[in-house]
Amino acid sequence: MPDAIAINPITLAVVWGALQSIAVEIGTTVHKTAYSEQAREGQDFSVAVFDPQGRMVAQGPYSPGHMGAMSAAVRNAVAVFPLDQLRPGDAILHNDPLLGSGHLPDFFLTQPAFVNGRLVGFAANILHHTDVGGSRPGSQAVEGISDYFQEGLRIPPTKVWKEAVEQEGIVGIIAANTRTPDKVLGDLRAQRNALRVGELRLMELVERHGFEPVLACMDEVIDRTEHTIRQKIAELPDGLYQFEDFLDDYGPDTPPLRVFVTVTVAGDSVKVDYSGSSTQTESGLNSYINYTRSYSYAAIKCLTDPFGPMNEGALRPIEVVAPYGSFLNPRPPAGGGPRAIVCYRTFEAVIGALAPALPHKVAAASSHFANPTFGGFDRKRQRPFVNYELVLSGTGARPAKDGCEAMSSAFNASNIPVEAQEANHPVIVDRFELIPDSAGAGKYRGGCGVRRDLRFLADDGKFTNLSDRQKFAPYGLFGGKPGALGRTIMNPGAANERLVHSKASTTFEYGDLISFQQSGAGGYGDPAERELAAVLADVLDGYLSVEKAASEYGVVIRDGAIDGPASAALRQKLRIHGTPPTVSR
């Protein structure tokens, strides 16, 4: 920051508010103009504003998996196109797994903003595209993938817009390598138009307050954020904290994947080390290092300064490493399309490691989500289709509250509305409901698992499943119990019913129904300490059966009322005596 610039506190507040507003306006523009259901309804995109040095200053309220990687994505874009090669209206696109968030469907777009020929900063966004080619519709297969060349079109940093002119040849190549060119090009243009909004707002900000004051405010926000994060980390007890968890596997007939983390707190900095985790897989299920870092950053941020700004300053005190050649830092060209299911496990491993140091800030493990994709031929519309689903379930119980129902945990997204899926795809959603008795018991219970049944009215069906927590349950904390396991069933209750592996690539016939029954989230605290009225309310609301109320919580309910004496006696038997275990699996 130049010495001559003295920052007025009011100006700083106004500029910071404007930067946040710019990020939100970019995101709102994407949200309102995108073509695909996952962007328009599920909000599977992210946005941020950067200073002239390529440092993230402000971000929208979207996915940590994108945000933690976006700084690297922008740096990589401007490394290929430095300042002397940038012009107003340029927009740089790339989706290389090494350069961004780790898989090909994520298109990062970066656009500079200039005032009188001087660079003000960058607006950037990322959107998960419906399909970018590859062996399976949706480009997220686990099975049958040996490298990312099988997963779709890989785009190095490329100017898709030059001085606001769309490059037809490049756009044509993208369109020719996707099963859904209308959605992909519609979403890509929505990204670019949103960045134009960001560019204009940055220009207006400088015109209003002056170039040097705006840059000084950017510097100050980043420095203050770093100072706050370091201050919060310094309040943690120094030490080495370890945790282990597992993904079920990386496809049918494969072993579990170990996530082992060591979190070292030393003064005002933190190191997150995944040494001891499983080696990379010959499948699509690997997490490139930027994605691994992203959710590690997010976990530390949530535990230290959850309500403060998230920018370059928040990342500086945190180092994240994983062995090169592990599935959390694979050697290219390892597959990485379905890396999304890794995010909960890395995020929750860091949370679990720090639980002994921060028992009043951590949450138990959440239900796992399902992110399947489908493809086939739509009889009604007489055309091929690709359908992206997002089934978000319960969140983990907290030190003073139950978990939430049907929400994302480690990232910000939404269940795609039934109406949107049925209106745009050959699908009927037969059921969308909470699963009774799925939530992990505790003084505060976890969120319930979600069941979503989709019936497909399509031919030549291809189904790529993507889920987890069907073998290793979401853990509970401090006496809370784990959530129930999930499962995926084809045609439940019918003569041709069959289980579908959580990461299988398979087919479906016209009229088949696929039931996603997601795991429940972990509980927090001794279930025998849960308020009697809360147990009764869960029974009356259908979250909990009378039988489970008795066996899990020691609450006897007869004719819709609590039997006090019987409950007191049963609770005494069930109560945890002594120090409860930190983690229950």
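How many bridges pair strand 12 with strand 13, and in which sense do the two strands pair? This is a predicted model, and in it strand 12 (residues 373–378) and strand 13 pair in the antiparallel sense over six bridges. Along that pairing, glycine 375 sits opposite valine 386 of strand 13.

Zoom out a little and these two belong to an open sheet of four strands, ordered 13-12-16-20, with antiparallel pairing. Strand 13 (383–388) and strand 20 (505–508) are the edge strands, each pairing on one side only. From one strand to the next, the twist averages 20°.

Now for the other sheet. Seven strands make up this open one, in the order 2-1-5-4-3-6-7, and the pairing is again antiparallel. Its edges are strand 2 (56–59) and strand 7, each with pairing on one side only. Inside it, strand 3 (residues 91–94) and strand 4 (residues 106–115) run antiparallel and are joined by three bridges. Leucine 93 faces leucine 109 of strand 4 there.

Helices lie against this sheet too. The table shows what helix 1 and helix 4 touch or cross, and at what angle.

| Helix | Strands involved | Angle |
|---|---|---|
| Helix 1 (residues 9–33) | lies across strand 1 (45–50), strand 2 and strand 5 (118–128) | about 145° to strand 1 |
| Helix 4 (residues 168–176) | touches strand 3, strand 4, strand 6 (158–162) and strand 7 | about 120° with strand 6 |

What about helix against helix? Helix 3 (residues 64–80) and helix 7 (residues 289–304) pack at an angle of about 120°, and their axes are 7 Å apart. The two helices are therefore oblique to each other, and helix 3 passes helix 7 in a right-handed crossing. On the helix 3 side, the contact uses Pro64, Gly65, Gly68, Ala69 and Ala72. Helix 7 brings Asn290, Tyr291, Ser294, Tyr295, Tyr297 and Ala298. Sorted by class, that contact has seven nonpolar residues, four polar ones and no charged ones.

Charged side chains turn up elsewhere. Side chains of opposite charge can pair when their charged atoms come close. Counting a side-chain nitrogen of Lys or Arg within 4 Å of a carboxyl oxygen of Asp or Glu, the model has 41 salt bridges. One of them joins glutamate 166 and arginine 189, at 2.8 Å from N to O. That pair links distant parts of the chain, 23 residues apart: glutamate 166 belongs to strand 7 (residues 165–166), while arginine 189 is in helix 5 (residues 181–209). Strand 7 is also an edge strand of the seven-stranded sheet.

Notes:
Residues numbered from 1 in each chain as written. Predicted model: local features only at pLDDT ≥ 70, side-chain atom pairs only at ≥ 80, totals over all residues. Heavy atoms only, no water. Pairing = 2+ DSSP bridges. Axes fitted to C-alpha atoms, helices over the stretch in contact; angles between N-to-C directions. Parallel < 35°, antiparallel > 145°, perpendicular 65-115°, else oblique. Left-handed = near helix turned anticlockwise from the far one by under 90°. Contact = heavy atoms within 4.5 Å. Nonpolar A, V, L, I, M, F, W, Y, C, P; charged D, E, K, R; others polar.
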